[in-house]
Amino acid sequence: MKIKVKLFATLRHGRGKEIELDIKEGTTVEEVIKFVGIELKEIAIVLRNGRDAALSTQLEDGDILSIFPAVGGG
């Protein structure tokens, strides 16, 4: 199965803006995040095809996973 991972803001550093992955059936959002090398504590929002996704969500062929970092400011 092929999916696209879109990374935003600081998560792009050293990884790029988009990553296309060939994954096995049953792969979860959390497994993809770890494979890409992102720590869970760095993430604030995860969307699968534009909708909120739990870490345990199993991905399907053609999915687009968007990952946003926790952003601080003041």
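This briefing covers the pairing of strand β1, the two faces of strands β1 and β2, and the main nonpolar core. The model is predicted, so that local features need pLDDT of at least 70 and side-chain atom pairs count only at pLDDT 80 or more, while totals for chains, interfaces and linings use all residues. Residues are numbered from 1 along each chain as its sequence is written, and side-chain values use heavy atoms, with hydrogens and water left out.

**Strand pairing**
- Strands are DSSP runs of E with at least two residues, helices are runs of H or I with at least four, and both are numbered from the N terminus; two strands pair if DSSP finds at least two bridges between them.
- Strand β1 (residues 2-7) runs antiparallel to β2 and is joined to it by five bridges, with Lys-4 partnered by Glu-20 and Lys-2 by Asp-22.
- Strand β5 (residues 64-69) runs parallel to β1 through four bridges, and Ile-67 in β5 stands opposite Leu-7.

**Two faces**
- In β1, Ile-3, Val-5 and Leu-7 point to one face and are buried (under 20% relative accessible area with a 1.4 Å probe, protein chains only; exposed is over 50%, partly exposed in between), whereas Lys-2, Lys-4 and Lys-6 point to the other face and are not buried.
- In β2 (residues 18-22), Ile-19 and Leu-21 form the covered face, and Glu-18, Glu-20 and Asp-22 the uncovered one.

**Nonpolar core**
- The largest nonpolar core (buried Ala, Val, Leu, Ile, Met, Phe, Trp, Tyr and Cys residues joined through side-chain atoms within 4.5 Å) has 18 residues, and Val-5, Leu-21 and Ile-38 are among those with the most contacts inside it.
- The largest share of this core, four residues, comes from α1.
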